[in-house]
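Visitor: I am new to this structure and would like a close look at a single part of it. Please take one strand and its surroundings slowly.

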Amino acid sequence: MKFFIADTHFCHEKILRLADRPFENLTEMEDTIVKNWNDKVTNSDEIFIIGDFMYKGSAAEANRILKRLNGKKYLITGNHEKYLNDRAFDKRHFCWIKDYYSFKENKQKYVLFHYPILEWDGYFSGAIHLYGHVHGNRIDKFAEILGPNAINVGVDVNAFTPISQEEILQRVKFSQEETEG
């Protein structure tokens, strides 16, 4: 099964205030995200991290957190992946690291990019765009502008939990029905 998540911002204490996250401290946030992740994702599942996995943390901290997380991990880089440049970071935690990725499965195209895109590859033929970056900010405005096939997979708008591919398809279907109805 495939899962998607963005903007975990591990090791970023200020995100608690900046994104108005409901945690007392960084440890509580980290433990909650790890628990939610592992409750949903098994080691045989694939999980696509769509940017901003960690903010200003060291390679050792990134290695420590990634070891705690289930699944075959793929990284779409965001604007806070500085740990990747540290030689002590073990890139083998990820199956691959890319800036942008698209794939097709069961005749459905998916476009993964950290930033919301106004029109993505396949936009006019029903492709689904999965993004993060904007946290919970202006979520209604982004949904209105981008349309029903763009889904913010960031933790701030998804109960700090990864979203499955099936959940994505249900959200798109529901949003399309609302738009048409």
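Guide: What follows is a walk around strand E7 and its partners. The model is a predicted one, in which local features need pLDDT of at least 70 and side-chain atom pairs count only at pLDDT 80 or more, while totals for chains, interfaces and linings use all residues. Residues are numbered from 1 along each chain as its sequence is written, and side-chain values use heavy atoms, with hydrogens and water left out.

Strand E7 covers residues 128-131; helices (H or I, at least four residues) and strands (E, at least two) are DSSP runs, numbered from the N terminus. From E7, Ile-128 and Leu-130 point one way, His-129 and Tyr-131 point the other way, and all are buried, where buried means under 20% relative accessible area with a 1.4 Å probe and protein chains only.

On one hand, E7 pairs in the parallel sense with strand E6 (residues 108-113) over three bridges, pairing being counted if DSSP finds at least two bridges between two strands. In this pairing, Leu-112 stands opposite Leu-130 of E7. E7 also pairs with E8, in the parallel sense and over three bridges, and there His-129 has Ala-150 in E8 as its bridge partner. Between E7 and E8 the chain passes through helix H4 (residues 139-146), making a right-handed β-α-β crossover; right-handed here means that, with the strands pointing away from the viewer, the path from the first strand over the helix to the second runs clockwise.

Beyond strand E8 (150-152), the loop leading to strand E9 (163-164) holds Thr-161, which counts as buried because its relative accessibility is 15%.

How values were computed:
Buried means under 20% relative accessible area, exposed over 50%, partly exposed in between (1.4 Å probe, protein chains only).
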